[in-house]
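Trainee: Could you take me through one part of this model with some care? I would like a close look at the salt bridges and at the covered elements around them.

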Amino acid sequence: MEKQWRSIEEYKHGRNREEERGTEALHKNAVLDVLDSKVVDATGSRRDFLKLFGFSVATAAVVSSCEKPVQKAIPYLIKPEEVIPGKASYYASTFFDGTEYCSVLVKVRDGRPIKIEGNQQSPVSRGGTSARVQASVLNLYDDARYKEPKVDGKVTDWKSLDNIMWKRLAEGGRTVLITPTVISPSTREVIRIFLQAYPNSQWIQYDEISASGIREAHKEVLGAPVIPGYHFDKAEYILSFEADFLGTWIAPVEFARDYAFTRDVSSKNPHMSKHVQVESVLSMTGSNADQRMQTTPAESVRMIASIYNKLAGATGHPGVSAPPGVPDVEKLVADLLNHKGRSIVVSGSNDPDVQKMVAGINYMLDNYGSTLDLERTIQLKQGDDAEFFKFVMQLQNGQVDNLLMVDVNPVYSLGGFDAVKKAGFTAYLGCALNETAEACQILCPSHHFLESWGDAEPIKGSFSLQQPCISPIFNTRSYQDSLIVWAGRHRSYRDLVQYWCENSIAPKESQGDKDWWVKTLQAGYFEAAASDPAAIEFTPPAVAVNPVERGLTLTLYSTVALNDGRYANNPWLQELPDPVSKVCWDNYLSVSPADAAELGLEDEMVVTVDGIELPVIVQPGQAKGTVSLALGYGRTKAGKVGDKLGINAFGWVVNHFGYRTYTNDRIKLEVTALTYPIARTQTHHTMEGRPIVRETTLEEFREDPSAGNHFHLEAEAHHQTLYPEAKFDGYHWGMVVDQNKCTGCNNCVVSCIAENNIAVVGKEEVKKRRIMHWMRIDRYFSDHPDNPKVFHQPVMCQHCDNAPCENVCPVSATMHSNEGLNQVAYVRCIGTKYCINNCPYRVRRFNWYKYIKNNEFDFNQNSDLSRLVLNPDVTVRERGVVEKCTLCVQRIQEKKLEAKLEGRALKDGEVQPACVQSCPSGALVFGNMNDPESKVSKLKKQERNYHLLEQLHTLPSVGYLTKVRNVEPEPGDSRHPDTGEHAGDEQHG
């Protein structure tokens, strides 16, 4: 098996055991911080040891139990008819933040939303969510939300504010309304009403991270300004240029499920798609590719032009003007021609010329009408860059009298927007604290989406409804209601949503039917009948391509956590490790190993880019001649969590002929003598040098379904144990992780945080290896650092039948249930950490501090408002106890009780832990292993199934399916781990 490693240092020097011992030494002297290190380090007799042990255990027990919070129970005097105390209600709704869409179910307990679930019935998101969707419930309880309407910074009432707006708008002059992309049909009607009331008004949609070039390209090449529907589930060959379609590009939740469908391989179905990624930044999508090609952005453009010309020559179309002799495209062109009508080519560029060539490539490959859809088009990313930049010039020239902005932040995302001061009158309508709102005269706080009515059309012909799940917490008003009031209308937005749905969205036979409205609201979505596809008329693009590289190129990208920065004040997302670098709480400049060697750079050194200081990470997979930096950081008006974290990278976004371009080759990089500490989690949880991820190739798998997994057969044949055989007469819960489907998106991590009240500990504690996440996604590299292969592996408590943690606990706090779950009794735990030290999987966490109601950890568990997000079904752990994944035992018990009350057996798939329920790719499967017909049992019988560290014979209840890549095996390459698993320190886990 190939050597697997976690960092550049580990690749070069192997594991630094002295450093790891040093880090562990920081922990060994702390038993709730009550023992002096001199006492711990001193030598002594057996009597001294017993004396010390007795004191430490007794003290720990006292400390861990002396500060139990007082729980006040207030009974219902008049109980609402629809509320059953202690029982959750679920409401179908819609998540759309201006950039990303999901159909969701909102879990509400006693009147407060506490968890977002995916709507399994939705034909668009199909039960999946993203990390941002999961974390959005926390923004509802953000103390930094705007709470009252304000005029010139002073609190006022809505009537007074409306009078000011009426007076100002009635004076005439030019009014401009700026919004993010609007996919709500009823909101478009509201805006039409407003524009009709004030004829000298203009509406502009603005996307901070734009895809305007795709719409412009399709308008010129195919006659319609659309983003086509991408059906990755129908593609047998995927070629992506700089498009992180599994992470942040366009509609990643939808794309992830389709992509995973083509990666579902078994002995009965030994077929899977081929995915080639061409990019400069090692993206989450690139880390999942079968083949990854490193290029600079300029080289990518030349490759696209060369592929276009070769396909044009093969299909009889005119070519484009481009430099000849681009290498590495002959095989790509041959593979594309072999998959005509069954391939997809995408690009993350916002350059219309690039997108015209990509559209032409897909047209010549007959992909439109098969893998690309011009009927069910994507309605996201409707911003028009050219129109917006024209408006900015007019604003600078004093040609805008009234400027109204809704949930956009150009003061931040333009890297400074002083022109806003030149508007005669400014008003901001939005929910969250931001830089643009603070620069406006009028502040109109709007509802959070969980307090709002609405609708959405994310894909043409596919609709979903949004309903409030809680009454407004503050004195806020939806921006649609504000626009309706200012337009002089007297109906509410809620009434307009229902009227629009019943009379415009409903099929003709159901229009005006109140029952149809109620049923659709309960379901959360409605799918209209598809129309007949229109004929495609292709106009070959007149493009001249000759990109010139002037030096080091900076590529800007968005992260799976913060997006464009709108979630900067969300601590769940700030502490979420990046899927590739495993860094949290900061952005950083990624430098290739080759460039780092030339410049003498190492991790955490500081460089200046155009005079701005940035910490460096030497990132395997970064293309030579390029550096990259994440957008979304450097906020100055975000809130107590997000302020002044990282650097605002939007200042490097280039206006290229009226389109926002996220690459910049005119930067100046200089090395300084400074350093800056970065919080990384990738080396926190070593598994003592064993190879953890197993892999094979599709060709080898077809010949032998056990390829790459032969050691599993050996381990199963040589089981020896001193444990008695575990027997489970009823349920035996287990899970399977399909590593072919897991993309590393981190959705499961945030879902687990939300479900299980997991504490945020902050950057300093993360640096000390004290992150509390019950579920982590390990990232491993193999091959050479310049362009390594990447593996993502979710790791949670393995719920071993022979659990090493259970027989070392002196107070029996950890135990095994009769259903195969490893349990922790928090009231017994005294914090000895024996179970942590005895766990080979490093999945247990220790509460070093009191994280709740503690000003030292001023995150989501420190205020009365933010604690409303806590799940009452899960204990909030106090200081000094060990905690870990329970496979959401509270969900298991809830479903068992429901089945019992209904007099039936549990159905397979009915019980879903939070991570399983929300996984957008379906990589996680949970169920009863005692049921041979359950999906989890069938997956466990596959030849690809294995367990982590199975030579230890802990008998985990969590299985993993071998990673299969669709690549040709290299000569002499042997991936069978029969010897590798015993190679000890030569392998790195």
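Mentor: What follows treats the salt bridges and then turns to a helix and a pair of strands. Please keep in mind throughout that this is a predicted model.

A search of the whole structure finds 47 salt bridges, and I will pick out a few of them by name. One of these joins the side chains of Arg 168 and Glu 171, with a distance of 3.8 Å from N to O. Arg 168 has a relative accessibility of 22% and therefore counts as partly exposed, since buried means under 20%. Its partner Glu 171, by contrast, has a relative accessible area of 53% and is exposed, because the exposed class covers values over 50%.

A second pair can be read in the same manner, namely Lys 938 and Glu 933, whose side chains meet in a salt bridge at 3.7 Å, again taken from N to O. Here Lys 938 is partly exposed, at 46% relative accessibility, while Glu 933 is exposed, with a relative accessible area of 56%. Salt bridges may also be linked to one another through shared partners, and in this model Lys 115, Glu 117, Glu 755 and Arg 891 are joined into one network in that way.

A salt bridge between buried residues is found at Glu 765 and Arg 770: the closest N and O atoms of this pair are 3.3 Å apart, and both residues are buried.

Glu 755, already named as a member of the network, leads us to helix α24, for it is one of the buried residues of that helix. Helix α24 spans residues 747-756, and 10 of its 10 residues are buried, so the helix is largely enclosed by the rest of the structure. Among those buried residues are Asn 747 and Cys 748, as well as Val 749, Val 750 and Ile 753, and the list also includes Asn 756. The helix is followed by Asn 757, a residue whose phi is positive, near 55 degrees.

Strand β14, which comprises residues 372-378, is likewise mostly covered, in that six of its seven residues are buried. Its antiparallel partner is strand β9, made up of residues 227-230, and three bridges join the two strands. If you wish to locate this pairing in the view, you can start from Tyr 230, whose bridge partner in β14 is Leu 372.

How values were computed: Residues numbered from 1 in each chain as written. Predicted model: local features only at pLDDT ≥ 70, side-chain atom pairs only at ≥ 80, totals over all residues. Heavy atoms only, no water. Salt bridge = Lys/Arg side-chain N within 4 Å of Asp/Glu carboxyl O. Buried < 20%, exposed > 50% of the residue type's maximum accessible area, 1.4 Å probe, protein only. Helix = DSSP H or I, 4+ residues; strand = E, 2+ residues; numbered from the N terminus. Pairing = 2+ DSSP bridges.
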